[in-house]
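Q: Hello! I am new to this structure and would love a close look at one small part of it. Could you walk me through it step by step?

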Amino acid sequence: MKLEAIYNAVIVKPIEREEEQYGSIVVPDMGKEKNHTAEVVAVGPGQYTQNGSFVDTILSVGDIVIVPTMGFTKLDHDGDEYWVGPENQILAKLNK
């Protein structure tokens, strides 16, 4: 079963950051207060505004984005973790 986003929702898969290592000492990422990097796996078509005009989504599948630490809903699907939230809460898109 494949996940499909609706309205202006964006489904992203978090990209795990590796722990830093200095010599033989591993420094774990203790501060989870940092924003997260994720890959977009599904994007809704957009939504209608109050005046009736349709606003298309900007993001595409495969985009790498920065998502906030709070505001997105965690979703477990087929053993993988995804996050779902509105497109307007995405903080930034990383260009290649």
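Where does Asp63 lie?

A: Happy to help! Please keep in mind that this is a predicted model. Asp63 lies in a loop, the one that runs between strand S6 (54–56) and strand S7 (64–67).

Let us start with its surroundings. Asp63 has a relative accessible area of 14%. Buried means under 20%, so Asp63 counts as buried. Setting aside the neighbours within four places in sequence, the residues in contact with Asp63 are Ala38, Glu39, Val40 and Lys93. There is also a link to Ser60: the side chain of Asp63 reaches the backbone nitrogen of Ser60 at 2.8 Å.

For contrast, you can look at two residues elsewhere in the model. Asp78 sits in the loop between strand S8 (73–77) and strand S9 (80–86). With a relative accessible area of 62%, Asp78 is exposed, since exposed means over 50%. The backbone of Asp78 is worth a glance too: its phi is near 55°, a positive value in a residue other than glycine.

Tyr7 is the other one. You will find Tyr7 in the segment before strand S1 (9–14). Tyr7 is not a glycine either, yet it has a positive phi of about 50°. Its relative accessibility is 58%, so Tyr7 counts as exposed.

To come back to where we began: Asp63 is buried, whereas Asp78 is exposed.

Methods:
Residues are numbered from 1 along each chain as its sequence is written. This is a predicted model: local features need pLDDT of at least 70, side-chain atom pairs count only at pLDDT 80 or more; totals for chains, interfaces and linings use all residues. Side-chain values use heavy atoms; hydrogens and water are left out. Helices (H or I, at least four residues) and strands (E, at least two) are DSSP runs, numbered from the N terminus. Buried means under 20% relative accessible area, exposed over 50%, partly exposed in between (1.4 Å probe, protein chains only). A polar contact is a pair of N or O atoms within 3.5 Å; within protein, one must be able to donate a hydrogen and the other to accept it, and residues adjacent in sequence count only if both atoms are side-chain atoms. Contact means heavy atoms within 4.5 Å.
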